Amino acid sequence: MASKRRQDENNKTEKKKKKKNCEETAELCLAVEDEQVKRAVKAAWSQRTPCRQGDLELDCHPFPHCVIRNFLASETFVENLQRELLGLTFHEKSNDLYKFKQSDDLRKRMEPHIAGLRAALFGRFRSWLGEVLGVELEPTVDISCARYEYTDVLLCHDDELEGRRVAFILYLVPPWQSSDGGTLDLYSTDSNFQPESIVKSLVPSLNTLVLFEVSPVSFHQVSEVFTEDKCRLSLSGWFHGPSLERPPRHIEAPVPRSPHLPRDETLLLEWVNPVYLDISYQEQIQEEFEDSSEIQLKDFLKEEKFREVSEALRLTQIQWTKRGPPNKRCYEVASLDTLPQCVSACWELLHSEAFFLLLSNFTGLRLHYLCPADDDDEDKGEEKVEKQDVPDEQASGSSDNSTSANTSGEKELSTPMCCGELRRWTHGCYTLLHDAEAARAEYALDLVLPFCSADWHSEFGGFTCYVANEEDEELLTVYPEDNCLALVYRDKETLKFVKHINHKSSSESDNSSTYRPLYDFSFVYYE
């Protein structure tokens, strides 16, 4: 019995040896092994001063980050590591923030060089980094592999998540230039800790490790990859430890709303395709809308009016201003007092009393006092009141008057309101989901009327996605289509974003490097 137990123990020891033998040791560069370098980097990091020691460079602008070139001492190890990583299964990842391919978590992969690097990173290097920062880093392993190829991107974010202390990226790329895209862009921040502009771009380089502390100001992005014949391969993850203190999150002021403009049906007769003014056809539209909560009305404006506005939108007299911050949105809005007359008239149409009534007829929503109330509307109104009756009235843009009830139990009718923009979309534009938007979400009718999108393709991006809050489920995608009025009614659990417009939107037909601008009127209507 004793000899059998000894034999089992010997077998287990042999298995452990075999397991260890299949792990290749990852030797790190001298900059990490040298005690004198470690002391110098520790002092510089604590004092927030730049430091350069051989292949290691620490910079504190716009936030502390460290670049270590030739991180792995063996070129052969690097080549074998690349080969093992490229042999992994990658999954397409795409949402409002990013588009790239990612491997499964690498914490349990047993390929010799992947396992060896993991042991070195979360063993010796973690200890070195903890001493440099003066914090106790946890042994938590958090690492995966990413492949960025043509038009892939990771937009502006700060990496903050409970437990993340230091982010790292190890590049395993072919020879790379800034013109290939895929740079790691670092943002400056304003007095509200919101990102402003890119002040530094790090070009990927083979066997280079970049790391930075995750903080309220660590805003960065991976710029869009422009090269069509190279793969930006990298390993990335986080070292976990005590999070840095975060100030209260900045809350943006709500977008101002206004009631309709006093304009009568003459405006509709002048602008709108007559088919949509037919009462029986409006009833059909309402029936379809009530079934699906969305509809797209093609050829909505009269052809000559649509053409006139399309041509006027390209005029240089319109002043465009970029809307940010980049962790929430990036597109241009027109200054209303610079609009050509016909564009201004189209704006008035969408803001007019007559149009509010037309929308009521299309949707059954109470956007005008002439719209009849029914039991379903009352039930929905009561639900809306109940959900909005919270202390955050100011953040949600609601008011006591719009949600109170009178003593007889009848709901007081609120004044229908709207807000709107004339937007210009070009390469690099997008909007992102964010916590403040989710907190303010409410019942609303979205309207989008695109211009100059005749040659637009879905692969360019620029389409609007509706998603369920805190879920990956995509509920609806609305693609830009010339003179097609899109109406979508959303509840408090539905959010939306506009997908990043990528390099494919360039004018490929004439081999030009210019980008096709896409314009749209974007309005939101509230009962």
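This report describes selected residues, one helix, the ring pairs and one pocket of a predicted model.

**Ser-258 and its surroundings**

Ser-258 lies in the loop between β13 (232–240) and α6 (266–271). With a relative accessible area of 24%, Ser-258 is partly exposed, because the buried class is reserved for values under 20%. Leaving aside residues up to four places away in sequence, Ser-258 touches His-351, Met-417 and Cys-418. With His-351 there is also a polar contact from side chain to side chain, at 2.9 Å. Another residue to consider here is Cys-419: 161 residues separate Ser-258 from Cys-419 in sequence, yet their C-alpha atoms are 6.5 Å apart in space.

**Helix α9**

His-351, the partner of Ser-258 in that polar contact, is one of the buried residues of α9. Helix α9 spans residues 341–351, and eight of its 11 residues are buried, so the helix is largely enclosed by the rest of the structure. The buried residues are Cys-342, Val-343, Ala-345, Cys-346, Trp-347, Leu-349, Leu-350 and His-351. Which elements cover these buried residues of α9? The cover includes the helices α6, α8 (303–313) and α10 (353–363), together with the strands β17 (417–425), β19 (444–451) and β24 (518–526).

**Aromatic rings**

The structure holds 25 aromatic pairs. One of them joins Phe-168 and Phe-239, whose ring centres are 5.1 Å apart and whose planes meet at 40 degrees, so the pair is tilted. This pair links distant parts of the chain, since Phe-168 belongs to strand β8 (residues 164–171) and Phe-239 to strand β13, with their positions 71 residues apart. Tyr-276 and Tyr-281 form another pair, with ring centres 5.8 Å apart and planes at 35 degrees, so this pair is tilted as well. Are the four residues of these pairs buried or exposed? The table gives the values for each residue, along with those of two loop residues.

| Residue | Relative accessible area | Class |
|---|---|---|
| Phe-168 | 1% | buried |
| Phe-239 | 0% | buried |
| Tyr-276 | 5% | buried |
| Tyr-281 | 30% | partly exposed |
| Phe-226 | 31% | partly exposed |
| Ser-258 | 24% | partly exposed |

Both Phe-168 and Phe-239 are thus buried. In the tyrosine pair, Tyr-276 is buried, whereas Tyr-281 is partly exposed.

Ring pairs also link Phe-306, Trp-347, Phe-356, Phe-451, Phe-521, Phe-523 and Tyr-525 into a cluster. Trp-347 of this cluster is also among the buried residues of α9.

**Phe-226**

Phe-226 is found in the loop between β12 (220–222) and β13. Its relative accessible area is 31%, and Phe-226 is therefore partly exposed. Not counting residues up to four places away in sequence, Phe-226 touches Tyr-150, Ser-179, Asp-180, Gly-181, His-427 and His-503. Phe-226 and Val-153 are 73 residues apart in sequence, and their C-alpha atoms are 9.9 Å apart in space.

**The second largest pocket**

Rolling a probe the size of a water molecule over the atoms reveals where empty space remains. The second largest pocket contains about 1,000 Å³ of space. It is lined by 44 residues, of which Val-255, Arg-323, Glu-437, Lys-496 and Val-524 are the closest to its centre. Sorted by class, the lining of this pocket comprises 21 nonpolar, 10 polar and 13 charged residues.

How values were computed:
Residues are numbered from 1 along each chain as its sequence is written. This is a predicted model: local features need pLDDT of at least 70, side-chain atom pairs count only at pLDDT 80 or more; totals for chains, interfaces and linings use all residues. Side-chain values use heavy atoms; hydrogens and water are left out. Helices (H or I, at least four residues) and strands (E, at least two) are DSSP runs, numbered from the N terminus. Buried means under 20% relative accessible area, exposed over 50%, partly exposed in between (1.4 Å probe, protein chains only). Contact means heavy atoms within 4.5 Å. A polar contact is a pair of N or O atoms within 3.5 Å; within protein, one must be able to donate a hydrogen and the other to accept it, and residues adjacent in sequence count only if both atoms are side-chain atoms. On a 1 Å grid over the protein atoms alone, a cavity is a set of points where a 1.4 Å probe fits but cannot get out, and a pocket is an open set with protein on both sides within 12 Å along at least five of seven lines; lining residues have an atom within 4 Å of a point. Grid points are joined across faces, edges and corners, and a volume is the space filled by probe spheres set on the points. Ala, Val, Leu, Ile, Met, Phe, Trp, Tyr, Cys and Pro count as nonpolar, Asp, Glu, Lys and Arg as charged, and the others, Gly among them, as polar. Rings of Phe, Tyr and Trp (its six-membered ring) pair if their centres lie within 6.5 Å; planes under 30 degrees apart count as stacked, over 60 as edge-to-face and the rest as tilted.
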